[in-house]
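Biologist: I should like to understand how the descriptive terms used for this model are justified. Shall we take them one at a time?

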Amino acid sequence: MSFTIIDQAPARLNRSELAVPGSNPTFLEKAAKSSADVVFLDLEDAVAPDDKVPARKNIIEALNDLDWSSKTVSIRINGLDTHYMYRDVVDIVEQAGQNLDLIMIPKAGTAADIYAIDMLVTQIEDAKGYTNRIGFEMIIETALGMQNVFEIAAASKRNESLHFGVADYAASTKARTTVIGGPHPDYHVLTDANADGNRDVHWGDMWHYPIAKMVVAARANGLRPIDGPFGDFSDPDGFVAQAKRAATLGCEGKWAIHPSQIDLANTCYSPSEAEVTKAKRILEAMEQAQKEGKGAVALDGRLIDIASIKQAEVMVQKAAQIADNDA
Ligand code: GLV
Ligand code: MG
């Protein structure tokens with residue numbers, strides 16, 4: 001281990017993160033009753049300019065009047081390049097900050113963006129005498145944000161999670177796709193010709209690099225890496241495939257841009273019973289090995305060692321957290 005100890009963000013379930021437009025009070029009510037681990041009430045891209053002010057008011061009412069106790073609630077403020085942002089923060093934190101867990105910062109580009117909002121939120125919290133501290137979730141969705149993702153991740157003690165905003169990221173990097181998340185047929189390799197002269201097409205994952213980079217930045221700073229939207233909500237199989245790819249790389253959850261995606265995300269990001277049983281067997285086998293003074297042993301024909309303990313512990317802790325949540 002390094003001498004540097006990484007503080008971990010507060011442990012929250014973040015398997016599914018439901019996006020809800022602040023402009024629609026009915027959706028806000030439904031979101032509070034949903035099975036999403038986290039709900040973010042949107043003031044940014046799902047809200048048209050004329051609806052920004054009413055959406056703020058709806059969100060303040062929803063935070064103060066609805067019961068969010070079974071979940072984490074966040075607001076997605078407008079970008080720092082807009083004049084909406086300061087009122088999003090000032091009005092909502094002043095009028096409903098004690099009921100707000102997180103603020104989502106879109107299009108985070110530099111560490112200074114996070115610093116600026118930290119300063120504003122700190123002043124409001126102090127002035128109001130709030131005892132809760134609001135955490136931050138940053139969307140990494142521009143080339144600038146991806147370039148500076150390591151500094152952004154370390155920019156504030158409030159930081160809890162990084163999110164891959166695939167739609168804006170595609171626009172910012174001028175990627176040649178118009179779908180939101182998922183693979184693209186042009187991103188493929190061709191196998192060499194077989195005996196009949198035929199070549200197979202193997203689709204690749206064009207989002208592998210940004211997600212993997214964001215996972216490193218998040219984990220190196222004790223934050224949760226979360227995969228962003230999958231636009232085609234009529235394609236549950238495509239959603240699950242993308243969610244599994246991101247989970248395999250280390251992501252802890254995924255956005256749901258439609259209620260039908262919530263349970264899919266909750267399932268994909270919960271360890272299965274078989275995984276938890278295996279993890280518990282690894283812990284037992286390693287406990288026995290340590291009693292016998294061994295650093296590594298074989299289990300089911302595979303080597304396990306001290307590193308396996310940490311992986312197994314993460315799995316068992318996650319299962320316990322989910323069980324607590326469902327109790
Ligand atoms: C999310 O905000 C995205 O741009 O994908
Ligand atoms: Mg975006």
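Biologist: Why is Glu141 called buried?

Modeller: In this predicted model, Glu141 has a relative accessible area of 2%. Buried means under 20%, so Glu141 is called buried.

Biologist: Why does Asp168 count as partly exposed?

Modeller: Asp168 has 23% relative accessibility. Partly exposed lies between under 20%, which is buried, and over 50%, which is exposed; therefore Asp168 counts as partly exposed.

Biologist: What makes Glu141 and Asp168 donors to the magnesium ion (ligand 2)?

Modeller: Glu141 (OE) and Asp168 (OD) coordinate the ion at 2.0 to 2.1 Å. Donors are N, O and S atoms within 2.8 Å of the metal, so these two residues qualify. Glu141 is in the loop between strand S5 (135-140) and helix H5 (143-147), and Asp168 is in helix H7 (residues 166-173). The pair, 27 residues apart, links distant parts of the chain.

Biologist: How do you know that the span of helix H2 (residues 52-65) is close to the expected one?

Modeller: Helix H2 has 14 residues, and at 1.5 Å a residue 20 Å is expected. From its first C-alpha to its last, H2 reaches 20 Å. Among its buried residues are Ile59, Ile60 and Leu63. The buried residues of H2 pack against helix H1 (25-32), strand S2 (38-42), strand S3 (72-76) and H3.

Biologist: Which residues have the most contacts inside the largest nonpolar core?

Modeller: They are Leu41, Leu63, Trp68, Ile75, Ile103 and Leu162, in a core of 65 residues. Helix H3 (residues 84-96) gives the most to this core, with 6 residues.

Methods:
Residues are numbered from 1 along each chain as its sequence is written. Chains are lettered from A and ligands numbered from 1 in the order in which they are written. This is a predicted model: local features need pLDDT of at least 70, side-chain atom pairs count only at pLDDT 80 or more; totals for chains, interfaces and linings use all residues. Side-chain values use heavy atoms; hydrogens and water are left out. A nonpolar core is a set of buried Ala, Val, Leu, Ile, Met, Phe, Trp, Tyr and Cys residues joined through side-chain atoms within 4.5 Å. Buried means under 20% relative accessible area, exposed over 50%, partly exposed in between (1.4 Å probe, protein chains only). Helices (H or I, at least four residues) and strands (E, at least two) are DSSP runs, numbered from the N terminus. Donors are N, O and S atoms within 2.8 Å of the metal (3.2 Å for Na, K and Ca); water is not among the atoms, so sites may look incomplete. The expected span of a helix is 1.5 Å times one less than its number of residues. Contact means heavy atoms within 4.5 Å.
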